[in-house]
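Work through the exercises below with the sequence and the coordinates open beside you. Each task is followed by a solution that proceeds step by step.

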Amino acid sequence: MGRIGGTGMTDLLFYALSALAIWSGWRVFRVDSMIRATFALMVSFTSVGGIAVLMAADYIGVATVFMMAVEMMVMGLFMVMFMMNPAGLNPMQMVHQYKFSIAAGVLGFVGLATAVLLTNFPDNPLPENRDTLRDLGIELLGGSMLIFETAGVTLLATMVGAVALSSRRGRFGDSDAGAAPPGLHPGGEPAGRKVEKGGGHGGHGGHGGHKMNMEKTKQDSSDDPHKGHGNMSETEA
Amino acid sequence: MTLTAILIVAAALFGIGLFGALSQKSFVMLMMGLEMMLNGTLLAAVGFWAFTLEGAPKGQLLAILVMAVMAVELAIGFALVVAVYRKREADVIEGIGTMKQ
């Protein structure tokens, strides 16, 4: 693989992969189908992994590609579950505060690019014959083992948290039984509006997958408009 | 391929991600914006390691930590999306207006 300061081939590959990463990254938010957006994001990640390989970070590059391939498959699954617009058959424009977002994005890019261009970075490139893979292995299981293991424990905590958040029932009843937003003052009313309006579903069709809890919600909201929060209002009764 | 070029590409990816995270209504698309920002961060971390650290392996460790952050963000994000949808039938940001003070 090409090393730092290599031939024009490395440069050419770098510019091609950069263009691909940015273009596919842009397509993520422009395509009509969320599945296509997922795959565009995967192409962007893969390009970044390729650039990392070009920079002799072989392990990081390959790990990025593998990890992102799996991650985007999971993402695609969730896209199907929460999809607004199956297969991108209709134009989809699901955006808010559009001009502000464009301004923020452009401002972020310009600010960071200016900072990059104005900063005088140290120039200590990777030595030509350094075994980066061996270095990384020694570092992970040597000097920085605590950091590495902390990342592992964090991932374990993430798994527990994800299961706890997404589980419907625990051994002792609903997982969120007794949960209620805190009052603005002790014993007072919780903050915010009381009744949720259906969640801004207008403006796009195709809600085939959204029928799981419909009946339950209808029951909940029919008896009392102030109990539109589902189970959350159990404690108030 | 210079450090400046890599950092500018990273800045572009970050800017696109910022735009996506701020503009998208759907929770999952918002998370794709966050992922895109982390994508730029990962590229910048690897670039700094390759051009300014003389190959010190701690730079690669930082990149691995960025990847761990990506995984954590994705897992917890999807769990939150599922929990919010189950509770409030909301799959867009406007659906959880009661979280406003």
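The exercises move from the single chains to helix packing and then to the contact between the chains.

The model is predicted, so local features need pLDDT of at least 70 and side-chain atom pairs count only at pLDDT 80 or more, while totals for chains, interfaces and linings use all residues. Residues are numbered from 1 along each chain as its sequence is written, and chains are lettered from A and ligands numbered from 1 in the order in which they are written.

**Exercise 1. Describe the secondary structure, dimensions and burial of chain B.**

Step 1. Helices (H or I, at least four residues) and strands (E, at least two) are DSSP runs, numbered from the N terminus; on this basis chain B has three helices and zero strands, in the order α-α-α from the N terminus on.

Step 2. The radius of gyration of chain B is 17 Å, whereas a compact globule of 101 residues would have one near 13 Å; the radius is taken over C-alpha atoms, and the globule rule is 2.2 Å times the number of residues to the power 0.38. Along the principal axes, the C-alpha atoms of chain B fill a box of roughly 50 × 25 × 20 Å.

Step 3. A residue is buried if 20 or more other C-beta atoms, placed from the backbone, lie within 10 Å of its own, and 62% of the 101 residues in chain B are buried.

**Exercise 2. Describe the elements and burial of chain A.**

Step 1. Chain A contains seven helices and two strands, which follow the order α-α-α-α-α-α-β-β-α from the N terminus.

Step 2. Of its 237 residues, 24% of those in chain A count as buried.

**Exercise 3. Determine how helix 2 and helix 3 of chain A pack, and where the buried residues of helix 3 point.**

Step 1. Helix 2 (residues 34-54) and helix 3 (residues 58-81) of chain A have axes 8 Å apart, at an angle of about 175 degrees; axes are lines fitted to C-alpha atoms, for helices over the stretch in contact, and angles run from 0 to 180 degrees between N-to-C directions. Helix 2 of chain A and helix 3 of chain A are therefore roughly antiparallel, a term for angles over 145 degrees.

Step 2. Two residues are in contact if their C-beta atoms, placed from the backbone, lie within 7 Å. Among the residues that meet are A:Phe45 and A:Met42 in helix 2 of chain A, and A:Met68 and A:Met72 in helix 3 of chain A.

Step 3. Buried residues in helix 3 of chain A include A:Glu71, A:Met72 and A:Met75; the buried residues of this helix pack against helix 2 of chain A together with helix 2 and helix 3 of chain B.

**Exercise 4. Characterise the contact between the two chains.**

Step 1. The contact takes 83 residues from chain A and 70 residues from chain B. On the side of chain B that touches chain A, helix 3 of chain B supplies the largest share, 21 residues.

Step 2. By class, that side of chain B has 44 nonpolar, 15 polar and eleven charged residues, where Ala, Val, Leu, Ile, Met, Phe, Trp, Tyr, Cys and Pro count as nonpolar, Asp, Glu, Lys and Arg as charged, and the others, Gly among them, as polar.

Step 3. Helix 6 (residues 145-166) of chain A packs with helix 3 of chain B at an angle of about 10 degrees, with their axes 8 Å apart. That makes helix 6 of chain A roughly parallel to helix 3 of chain B, the term for angles under 35 degrees.

Step 4. Residues making this contact include A:Leu155 and A:Met159 of helix 6 of chain A, and B:Val72 and B:Ile76 of helix 3 of chain B. The residues of the contact of helix 6 of chain A with helix 3 of chain B divide into 17 nonpolar, four polar and no charged.

Conventions. Parallel < 35°, antiparallel > 145°, perpendicular 65-115°, else oblique. Buried ≥ 20, exposed ≤ 12 C-beta atoms within 10 Å, placed from the backbone.
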